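Here's a walk through one model, written to be read with the viewer open. Pull up the coordinates and follow along.

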Amino acid sequence: MGFFDRFFPKSCSTVLHISTKSGFHLRPAAAFVSEAKQFSSSITAENRGKSVDAKVLSALLSLNLEEGDHFELHCKGTDAQEAMDHLVAFFDRLMQKEQEKHPGQCNTPHATHRYQNPGIPVTPIAYGIAIAPLCRLEISYTTNGKKRERTLVEAIKEAKAALLKQHREASGNDDADIFLAQHALLETLEERAKQEKIETLEAFATLLHEEAAALEGGILASKKSDYLDLLAHIKEAMGETRSLHLPEVPFILLADDLLPSDIEKLSQSACQGVLLHDTSTTSHTAILLRNSAIPSAIISKTEIAAEGVTFGEESILDTTVDQFIPSPSAEDIALAKKTEDSVRRSEADAAKRRFEPALTKSGKQIKILANVSSLEDAHAAKEAGAEGIGLLRTEFLFTQQKPSLELQERRYAEIFSLFEDITVRTLDVGGDKALPYLDLPHESNPFLGIRGVRLFKSHPALMEEQLLALFRAAEQKPLKIMFPMVSSVAEFVDAKAFAQDVAARHGLSIAHHRFGIMIEVPSILFLIDAFDKVVDFYSIGTNDLAQYLYAIERTHPTLSVPAEDPLLLKIITDLVKDAKHPVSLCGELASETKVLPELIETGIETLSLSAAHIPTIKERIRHV
Ligand code: PEP
Ligand code: MG
């Protein structure tokens, strides 16, 4: 550390946007805190006038950051800049990872069957069908006198060790993060207990209830079950064991809520399905239910009461049609069994047939490509049965610092070696995608500013380096090079001329590459005749196209464009019909099972989607 660094610590700030449906919840926040702790600088997060220590999990959670919110991140100290660069890039990756996981969604195939008996509508948590008697959750507590003599400090230590053990045992699957996040939360609560000289179980329980109550009303309210779960762990360590009384024969469980730690017990029982009143699709309980593949849903207490359900009687939970049928007829049960059977078969077929082409019933092949943001994604896409890469989002390959030409070339070459059919998008930065090493100007509306293809004018050296790395990495392999956010023919023509000039100056031949555009800006829809004369292909980016078409920001917390929007489908139909070059689709719409038949009806023949959805979408196409 230099003299000046020691005596004149640096400070820097930036604004970070929450772009995931479930907000900045426990898991990502815990991961962020653990990164922040690696730096000696003081790191604070500020939102709505409240500033908190970003190295303290409960403090960060108290900001109640929801989708669409932003917070200011301030770093001050000798490693401030380093911390800032690292945290900004880490945060971007976190948001992206959370979005890909779609933690709030239960991607149920859209089914259309109807039961005879009236059902109660449910909000699905985990997809599937359960047929079994309904049973209400019963819990009892037993006390072990000897353990009661333990101190609070000893009990917290034991609870922390138990959570770490669960984390180790779950390593490699999504559950592992949850136990680690709970461990981090307990550490911060332990710290508060120390500061406030809390020594009894009763006082600690009050602290936990207060913390949980502070989350009430915000999007993080669903995390209160984590606080209650920690309390259950501490109580257990102090001799009070919580036991679930579960039938030994198959059952569907009805409860207000469950603790995350209950799910393991349920998955070892005869439980066929779960109905909860007071949880959300993003709670850790919900995530664990999904990971355990227990069909489950949220049901309203009043609806259950109004229906007067009888416990112990056969019932059906069917999240493929978002229904709970409390008193099914014999025909209803037969229908549920038949559907369950076909769902199982379809899932097994999807996995088994993922490397086969996706042919519709009439024999038309739909090409299925992958959206890829990293080398790991590319490997996952290969394993999921992708037939190529339809969208390589290059802006996510290097988020921490500007990569050298050699590093870019190496990484591109690794990805290119996996597939023959590859569409690479040049850097799409700006709007919701920031790069910490890029000096983009401050704009009051960045979604309408310097972004996408406009970088060719604002950052020519950066674009030259990227193109050169792409050309060198591809060698003789033909690439489809795609420009993002194009809004006029001139933008495309200039960007292509720029690429040709780069190649010529470096003595490279690029005649084997094709050049095309993303269709994301509505102006393109009126310019297809002119574009047909210059481009080689099109790819429809429905995420941004819907945003600009309806003036609804794609990360908006309350507004959204529905997948089944008829105008979007009409636009796709017209593009496929009118354009003289191949048209593919790489927005999220490509993985919406709900509108797949309508999408296929538009005439689109190439879809690009994330690896996780590929086997299912291929299998669904086979039934269209
Ligand atoms: C789109 O806009 O639909 C798209 C695929 O691009 P991105 O989501 O990367 O902006
Ligand atoms: Mg886009």
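What follows goes from ground rules to domains, then to the metal site, the salt bridges and a few backbone details.

## Ground rules

This is a predicted model, so to speak with its own filters: local features need pLDDT of at least 70 and side-chain atom pairs count only at pLDDT 80 or more, while totals for chains, interfaces and linings use all residues. Residues are numbered from 1 along each chain as its sequence is written, chains are lettered from A and ligands numbered from 1 in the order in which they are written, and side-chain values use heavy atoms, with hydrogens and water left out.

## Domains and the 2/3 interface

The protein chain splits into domain 1 (3-101), domain 2 (120-138 + 244-350), domain 3 (145-238) and domain 4 (353-621); these bounds come from an automatic or database domain assignment. The C-alpha centres of domain 2 and domain 3 sit 28 Å apart. Domain 2 puts 14 residues into the contact and domain 3 puts in 13, where contact means heavy atoms within 4.5 Å.

How much area do domain 2 and domain 3 bury between them? About 1,100 Å², with 55% of it on carbon and sulfur atoms; buried area here is the accessible area (1.4 Å probe) that two parts lose on being put together, summed over both. On the domain 2 side, L259, H284 and L288 supply 42% of the area buried against domain 3, more than any other three residues. As for polar links, the rule finds 0 salt bridges across the interface of domain 2 and domain 3 (a salt bridge is a side-chain nitrogen of Lys or Arg within 4 Å of a carboxyl oxygen of Asp or Glu). It does find 2 residue pairs in polar contact across the interface of domain 2 and domain 3, both at pLDDT 80 or more. A polar contact is a pair of N or O atoms within 3.5 Å; within protein, one must be able to donate a hydrogen and the other to accept it, and residues adjacent in sequence count only if both atoms are side-chain atoms. Helix α10 (residues 284-291) gives the largest share of the side of domain 2 that touches domain 3, at 5 residues.

## The magnesium site

Which residues are the protein donors of the magnesium ion (ligand 2)? They are E520 (OE) and D544 (OD), lying 2.0 to 2.1 Å from the ion. Donors are N, O and S atoms within 2.8 Å of the metal (3.2 Å for Na, K and Ca), and water is not among the atoms, so sites may look incomplete.

E520 lies in the loop between β20 (514-519) and α18 (528-532), and D544 is in helix α19 (residues 542-550), so the pair ties together parts that are 24 residues apart in sequence. Helices (H or I, at least four residues) and strands (E, at least two) are DSSP runs, numbered from the N terminus. E520 is buried at a relative accessible area of 2%, and D544 is buried with 2%. Buried means under 20% relative accessible area, exposed over 50%, and partly exposed in between (1.4 Å probe, protein chains only).

## Salt bridges

The structure holds 32 salt bridges. Take R192 and E211: their closest N and O atoms are 2.1 Å apart. R192 belongs to helix α6 (residues 175-195) and E211 to helix α7 (residues 201-215), so the pair ties together parts 19 residues apart in sequence. R192 is partly exposed at 25%, whereas E211 is buried at 10%.

R242 and D262 meet in a salt bridge at 2.7 Å, N to O. R242 is in strand β9 (residues 240-245) and D262 in helix α9 (residues 262-267), 20 residues apart; both R242 and D262 are buried. D421 and K367 also meet in a salt bridge (2.7 Å, N to O). D421 lies in the loop between α14 (405-416) and β18 (422-425) and K367 in strand β16 (residues 365-372), so this pair ties together parts 54 residues apart in sequence. D421 is buried at 14%, while K367 counts as partly exposed at 31%. Salt bridges that share partners also join R192, E196 and E211 into one network.

## Backbone details

Most residues other than glycine have a negative phi. N64 has a positive phi of about 50° although it is not a glycine; N64 lies in the loop between α3 (57-61) and β4 (70-77) and is buried at 16%. A551 also has a positive phi, near 55°. A551 is in the loop between α19 and α20 (566-578) and counts as exposed at 71%.
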